[in-house]
Amino acid sequence: MILGICLGMTVALMIGALGFLLTRPTAVADVSAGQAEKKGAGQPAAGQEQPAASIDVTAQHIGDLQVRIEAKVTAPGSYDPITKGQVFAYTDMVAMPLSHKKGPIVMAEVAGRPGTYQAVTQVPMIGEYNVTVEVRQPMASRADKRVDVQGVTKS
């Protein structure tokens, strides 16, 4: 009888461990940004993922340690421009991660170019930077681009 109980508990433990390793959590909170996922109107049902916006990022060094960031944001599938979105950018030096991180940088929609957002920022020193563009509303998405910032103006 004791052997049967031990065997049953071992099998139950193995099934539980296998289930833990093979399943994926349905909701992940972004603790680093201080955001908690909220359920309510406009949110996808449990187990469904919200479609991500498509982001085409361009980052260009324009001189004097300044970088112009441009993002074209479109809806998934239809490629319609997303207007009046909440779009932010972040810069982080590749050689010294988190030492020279800057953001969130608010990106403004360019007049006459629906779905195109732009910002100009200044980085602290020359080097290669990772530029991250994040769309928070109406649908969350994120894209990265690298830019090389040197002491002279790039054309």
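**Exercise 1. Classify E70 by its accessibility, then find its salt-bridge partner.**

Step 1. E70 has a relative accessibility of 15%, so E70 counts as buried. Buried means under 20% relative accessible area, exposed means over 50%, and partly exposed lies in between (1.4 Å probe, protein chains only).

Step 2. Know what you are looking at. This is a predicted model, where local features need pLDDT of at least 70 and side-chain atom pairs count only at pLDDT 80 or more, while totals for chains, interfaces and linings use all residues. Residues are numbered from 1 along each chain as its sequence is written, and side-chain values use heavy atoms, with hydrogens and water left out.

Step 3. Apply the salt-bridge rule: a side-chain nitrogen of Lys or Arg within 4 Å of a carboxyl oxygen of Asp or Glu. The side chain of E70 meets that of R113 at 3.0 Å, N to O. This pair links distant parts of the chain, 43 residues apart. E70 sits in strand β2 (residues 66-74), and R113 sits in the loop between β5 (108-109) and β6. Strands (E, at least two residues) and helices (H or I, at least four) are DSSP runs, numbered from the N terminus.

Step 4. Check the partner. R113 has a relative accessible area of 34%, so R113 is partly exposed.

**Exercise 2. Find how many salt bridges the chain has, and describe the one at E134.**

Step 1. The count is two salt bridges.

Step 2. E134 pairs with R136, and their closest N and O atoms are 2.7 Å apart.

Step 3. Classify both ends. E134 is buried because its relative accessible area is 14%. R136 is at 25%, so R136 is partly exposed.

**Exercise 3. Which side chain of opposite charge is nearest to D92, and how far away is it?**

Step 1. Locate D92: strand β3, residues 86-93.

Step 2. Assign charges. Lys and Arg count as positive, Asp and Glu as negative; His and the chain ends are not counted.

Step 3. The nearest side chain of opposite charge is K101, 5.3 Å away. D92 is buried yet has no salt bridge.

Step 4. Look at the backbone. A polar atom of the D92 side chain lies 3.0 Å from the backbone nitrogen of L98.

Step 5. List the surroundings. Contact means heavy atoms within 4.5 Å. Beyond four places in sequence, D92 touches several residues, among them P97, H100, E128 and Y129.

**Exercise 4. Describe the setting of T116 and of T58.**

Step 1. T116 belongs to strand β6, residues 116-122. Its relative accessible area is 5%, so T116 is buried.

Step 2. Setting aside neighbours within four places, T116 contacts E70, A71, K72, A108, E109 and V110.

Step 3. T58 belongs to strand β1, residues 54-63. At 41% relative accessibility, T58 counts as partly exposed.

Step 4. T58 touches R68, I69 and E70, not counting residues up to four places away. T58 and E70 are twelve residues apart in sequence, and their C-alpha atoms are 5.1 Å apart.

**Exercise 5. Find where the backbone has cis peptide bonds and positive phi values.**

Step 1. The peptide bond from G103 to P104 is cis, with omega near 5°. P104 lies in strand β4, residues 102-106. Its contacts beyond four places are F88, A89, Y90 and R136.

Step 2. Q137 and P138 are also joined by a cis peptide bond, with omega about 5°. P138 is in the loop between β7 (127-137) and β8 (141-149).

Step 3. L65 is not glycine, but its phi is positive, near 60°. L65 lies in the loop between β1 and β2.

Step 4. Phi of Y79 is near 60°, again positive in a residue other than glycine. Y79 lies in the loop between β2 and β3. At 59% relative accessibility, Y79 counts as exposed.

**Exercise 6. Summarise the whole chain and say where to read with care.**

Step 1. The chain has one helix and eight strands. Along the sequence the pattern is α-β-β-β-β-β-β-β-β.

Step 2. Of the 155 residues, 28% are buried. Among contacts with a separation of 6 or more, 57% join residues 24 or more positions apart.

Step 3. Check pLDDT, the predictor's confidence in each residue, from 0 to 100. The chain mean is 80, and 77% of residues reach 70 or more.

Step 4. Over residues 26-46, pLDDT stays under 50. The model has eight contacts beyond four places in sequence for this stretch. Where pLDDT is low, the predicted coordinates should not be read in detail.

How values were computed:
Polar contact = N/O pair within 3.5 Å; in protein donor to acceptor, adjacent residues only side chain to side chain.
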